[in-house]
Amino acid sequence: MSTLKQNFTGQLSQKRMKEALVRMMYAEMLGHDASFGHIHAVNMTQQTNLVSKRVGYLASAVCLCPGHELTTLIVNTLRRDVASSNHVEVCASLIAIPKIISEPFLPALTQPVFNLLEHNLETVRKKAVMVLHKFYQISPDTMAGQTDKLRRALCDKDPAVMGASLYILHEMAESNVG
């Protein structure tokens, strides 16, 4: 752990930083405290290199829990990447959102994620539905007045999007019964 910590103290190239972040995730998964590298993971999400950005989002999703103080720093990056024209950036951010977002940040991300239900790639639409399901689990009020958009996802031309929308609609129906 001390060697890993020393790796983060110097000026690292993007390649070395990606390697250090992967090692940090591994250390965290083994139960060690690698919180010294969390800020580097958040900083990596702001890179323009797609591989670096994906590693940053992955490390943030693995190491940061909802409500962590560093999630405040990543929300604007998530908003920007969700609205990106590059589907790789969009997918990377959609994978990280459910792992790190807590209720105070839902208003900032709900509408941009709903806009992705109209995306031309089915992978993005499916991930958007899954993120909206997590939003509903965190705060059911976020779906108020949006059920028509979710019903349209149920009639999507891609079966994966239809299947993903079944879970949220089923949960919404169960909560409204009786």
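**Figure 1. Helix α3 gives the second largest pocket the largest share of its lining.** In this predicted model, three residues of that lining come from α3. The pocket has a volume of about 160 Å³. Nine names make up its wall: Gln 11, Leu 12, Ser 13, Gln 14, Met 17, His 40, Asn 43, Met 44 and Gln 47. Two elements, α2 (14–29) and α3 (38–44), each give two or more residues to this lining. What is the split between nonpolar, polar and charged residues in the lining of the second largest pocket? Six are polar, three are nonpolar and none is charged.

**Figure 2. The largest pocket is lined by residues that include Arg 54 and Ala 96.** Its volume is about 190 Å³. The rest of the lining is Tyr 57, Leu 58, Ala 61, Val 88, Cys 91, Ala 92 and Ile 95. Which helices each supply at least two residues of this lining? They are α4 (50–63) and α6 (87–100). Helix α6 provides the largest share, with five residues. Eight lining residues of the largest pocket are nonpolar. One is charged, and no polar residue takes part.

**Figure 3. Helices α5 and α7 come together.** Helix α5 covers residues 71–82, and helix α7 covers residues 106–115. Their axes come within 10 Å. The axes cross at roughly 10°. Angles under 35 degrees count as roughly parallel, and α5 and α7 are therefore roughly parallel to each other. Which residues make the contact? From α5 come Val 75, Leu 78, Arg 79 and Val 82. From α7 come Ala 108, Leu 109, Pro 112 and Val 113. Seven residues of this contact are nonpolar and one is charged. The contact of α5 with α7 has no polar residues.

**Figure 4. Confidence in the predicted chain, from helix α1 to helix α8.** The mean pLDDT of the protein chain is 92. A pLDDT of 70 or more is reached by 99% of its residues. Which element has the lowest mean pLDDT, and which the highest? Helix α1, residues 2–9, has the lowest, at 86. Helix α8, residues 122–138, has the highest, at 96.

Note on methods
Residues numbered from 1 in each chain as written. Predicted model: local features only at pLDDT ≥ 70, side-chain atom pairs only at ≥ 80, totals over all residues. Heavy atoms only, no water. 1 Å grid on protein atoms, 1.4 Å probe; cavity = no way out; pocket = protein on both sides within 12 Å on 5 of 7 lines; lining within 4 Å. Points joined across faces, edges and corners; volume = space filled by probe spheres on them. Helix = DSSP H or I, 4+ residues; strand = E, 2+ residues; numbered from the N terminus. Nonpolar A, V, L, I, M, F, W, Y, C, P; charged D, E, K, R; others polar. pLDDT = per-residue confidence, 0-100. Axes fitted to C-alpha atoms, helices over the stretch in contact; angles between N-to-C directions. Parallel < 35°, antiparallel > 145°, perpendicular 65-115°, else oblique. Contact = heavy atoms within 4.5 Å.
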